[in-house]
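Please find below some notes for a colleague who is opening this structure for the first time. They are set out as numbered points, to be read with the model in view.

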Amino acid sequence: MEINYTNQMTAEEYNEMRGSVNWRLLTPGQAERGLAHTAFVVAARDGGKIVGMGRMLFDYGYTAYLGDVIIRPEYQGMGIGAEIVTRLKDMVMEAAEQGDKIMFILGAAAGKEGFYEKLGFKVRPNEINGSGMSMWKEKE
């Protein structure tokens, strides 16, 4: 097994990865639009097969949102997720200007908080920040 990292992923691959961990699938249009408006993507491939991915939304000011870090279950625990997160953070810092301080935020999947803590993220709520929150809403 040789893992290669690229900065490209198709909408089909994006949904394929979401399905591999039983996440909600997106419509093809949603997947396309989401990728088109993503600042940075890292895809991990074993041969030609996508086995891991992550997206970073960045406002080029101070906020970078780490979204959709997904590793196929059979590839978890091999350091692929940590490599993807590190590459995404590095891409943001490279795009930032000298002296900028960037706030990286994320919404961890249940039970995955420890993975992110090992990478320097702090669980919320804490002494500085309140709880993170989310909502799904469907346009009718």
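1. Phe 104 touches Met 56, Ala 64, Lys 89, Val 92, Met 93 and Phe 121, a list that leaves aside residues up to four places away in sequence. In this predicted model, Phe 104 belongs to strand β5, which covers residues 103-106. For a sense of distance across the fold, Phe 104 and Gly 34 are 70 residues apart in sequence, and their C-alpha atoms are 19 Å apart in space.

2. One of the contacts of Phe 104, Phe 121, also takes part in a ring pair. The ring centres of Tyr 116 and Phe 121 are 6.0 Å apart and the ring planes stand at 90°, so this pair is edge-to-face. Both partners can be placed with respect to the surface: Tyr 116 is buried, with a relative accessible area of 10%, and Phe 121 is buried as well, with a relative accessible area of 14%.

3. How many aromatic pairs does a search of the whole structure find? The search finds four aromatic pairs, and among them is the pair of Phe 40 and Tyr 60, which is tilted, with 6.3 Å from centre to centre and 55° between the planes. Because Phe 40 lies in strand β2 and Tyr 60 in the loop between β3 and β4, this pair ties together parts that are 20 residues apart in sequence. Phe 40 is buried, its relative accessible area being 13%, and ring pairs link Phe 40, Phe 58 and Tyr 60 into a cluster.

4. The helices near the start of the chain deserve a separate look. Two packed helices are described by the angle between their axes and the distance between the axes. Here the axes of helix α1 (residues 11-20) and helix α2 (residues 28-36) come within 9 Å and cross at roughly 105°, and the two helices are therefore roughly perpendicular to each other. On the side of α1 the contact is made by Ala 11, Tyr 14 and Asn 15, while α2 contributes Pro 28, Ala 31, Glu 32 and Leu 35. By character, the residues of this contact divide into five nonpolar, one polar and one charged.

5. Charged side chains form a further set of links. Side chains of opposite charge can pair when their charged atoms come close. A search of the whole structure finds six salt bridges, and one of them joins Glu 13 to Arg 45, with 2.7 Å between the closest N and O atoms. This pair links distant parts of the chain, since Glu 13 sits in helix α1 and Arg 45 in strand β2 (residues 40-46), 32 residues apart. Glu 13 is buried at a relative accessible area of 15%, and Arg 45 is buried at 13%.

6. Helix α1 supplies another partner in Arg 18, which forms a salt bridge with Asp 68, the closest N and O atoms being 3.4 Å apart. Arg 18 lies in helix α1 and Asp 68 in strand β4 (residues 63-71), so the pair ties together parts that are 50 residues apart in sequence. Are Arg 18 and Asp 68 buried or exposed? Both of these residues are buried.

7. In the salt bridge between Lys 49 and Glu 74, the side chains meet at 3.9 Å, N to O. Lys 49 lies in strand β3 (residues 49-58) and Glu 74 in the loop between β4 and α3 (80-95), so parts that are 25 residues apart in sequence are tied together by this pair. Lys 49 counts as partly exposed at 40% relative accessibility, and Glu 74 also counts as partly exposed, at 47%. Elsewhere, salt bridges that share partners join Arg 18, Arg 55 and Asp 68 into one network.

8. Some details of the backbone should be checked by eye. Most residues other than glycine have a negative phi, and most peptide bonds are trans. Asp 68 has a positive phi of about 55° although it is not a glycine; this residue of strand β4 is buried, with a relative accessible area of 16%. Asn 22, in the loop between α1 and α2, also has a positive phi, near 60°, whereas its relative accessible area of 72% makes Asn 22 exposed. Finally, a cis peptide bond with omega of about 0° joins Arg 124 and Pro 125, and Pro 125 lies in the segment after α4 (113-118).

Notes:
Residues numbered from 1 in each chain as written. Predicted model: local features only at pLDDT ≥ 70, side-chain atom pairs only at ≥ 80, totals over all residues. Heavy atoms only, no water. Axes fitted to C-alpha atoms, helices over the stretch in contact; angles between N-to-C directions. Helix = DSSP H or I, 4+ residues; strand = E, 2+ residues; numbered from the N terminus. Parallel < 35°, antiparallel > 145°, perpendicular 65-115°, else oblique. Contact = heavy atoms within 4.5 Å. Nonpolar A, V, L, I, M, F, W, Y, C, P; charged D, E, K, R; others polar. Salt bridge = Lys/Arg side-chain N within 4 Å of Asp/Glu carboxyl O. Buried < 20%, exposed > 50% of the residue type's maximum accessible area, 1.4 Å probe, protein only. Phe/Tyr/Trp six-rings, centres within 6.5 Å; stacked < 30°, edge-to-face > 60°.
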